[in-house]
Amino acid sequence: MRTVITFGTFDVLHIGHIKILQRAKAYGDRLIVGISSDALNFSKKQRFPVYPESERKSIISALGCVDEVFIEESLDLKGEYIKKFSADILIMGDDWKGRFDNYKEICEVIYLPRTEGVSTTQLIAEIKKYG
Ligand code: C2G
């Protein structure tokens, strides 16, 4: 049984999110997803996500490729989460390339290419035009 863990905000779900989760799952048998909390998001981006953490968690847990979800309270707790879920592999999009290499001591760390041409920020801007 190989366990994969990944992290993200997954706000305003789009095809880039789905693709990285499906590709991450293909590396193992069980996929665990840490959903960044609203507070963590605010500290990173100075704004709250469009969907609150409870809804982002419900949406991601409804996906067929996802086995378990939890709320990620801090970027610095990754090591604790990796151990808690006995994850063999940490997978992130390559916008985070190199950032989590320190966890190579406790698991495999893989960065996958992002899906081009789509992002939550872009979608929010697009939707605003219809306002
Ligand atoms: N992603 C992707 N293609 C896109 C957009 C996002 O592959 N076009 C990937 C990102 O690389 C990330 C995941 O989808 O691995 C989630 O992206 P975000 O919701 O933007 O997550 P982020 O805010 O980067 O939070 O602990 C890490 C952070 O919490 C990650």
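How much space lies in the largest pocket? About 610 Å³. This model is predicted.

**The pocket**

The largest pocket is lined by 31 residues. Closest to its centre are Thr9, His17, Asp95, Trp96 and Arg114. By class, the lining holds nine nonpolar, 13 polar and nine charged residues.

Several helices and strands help to build this lining. The table lists elements that each supply at least two residues to it.

| Element | Residues |
|---|---|
| Strand E1 | 3–8 |
| Helix H1 | 15–25 |
| Helix H2 | 38–45 |
| Strand E4 | 89–93 |
| Helix H5 | 120–129 |

Helix H1 gives the most, with four residues.

**The sheet**

Strands E1 and E4 of the pocket lining also belong to an open sheet. What is the order of its five strands? It runs E3-E2-E1-E4-E5, and the pairing is parallel. Strand E3 (68–72) and strand E5 (108–112) are the edge strands. Each of them pairs on one side only. On average, neighbouring strands are turned by 25° against each other, direction ignored.

In general, strands of a sheet pair through backbone hydrogen bonds. Here, strand E2 (residues 30–36) pairs with E3 in the parallel sense over five bridges. Take Ile32: its bridge partner in E3 is Glu68.

A helix joins the picture at this end. Helix H3 (residues 53–61) packs on the sheet. Helix H3 touches both E2 and E3. The direction of H3 makes about 155° with that of E3.

Conventions
Residues are numbered from 1 along each chain as its sequence is written. This is a predicted model: local features need pLDDT of at least 70, side-chain atom pairs count only at pLDDT 80 or more; totals for chains, interfaces and linings use all residues. Side-chain values use heavy atoms; hydrogens and water are left out. On a 1 Å grid over the protein atoms alone, a cavity is a set of points where a 1.4 Å probe fits but cannot get out, and a pocket is an open set with protein on both sides within 12 Å along at least five of seven lines; lining residues have an atom within 4 Å of a point. Grid points are joined across faces, edges and corners, and a volume is the space filled by probe spheres set on the points. Ala, Val, Leu, Ile, Met, Phe, Trp, Tyr, Cys and Pro count as nonpolar, Asp, Glu, Lys and Arg as charged, and the others, Gly among them, as polar. Two strands pair if DSSP finds at least two bridges between them. Axes are lines fitted to C-alpha atoms, for helices over the stretch in contact, and angles run from 0 to 180 degrees between N-to-C directions. Contact means heavy atoms within 4.5 Å.
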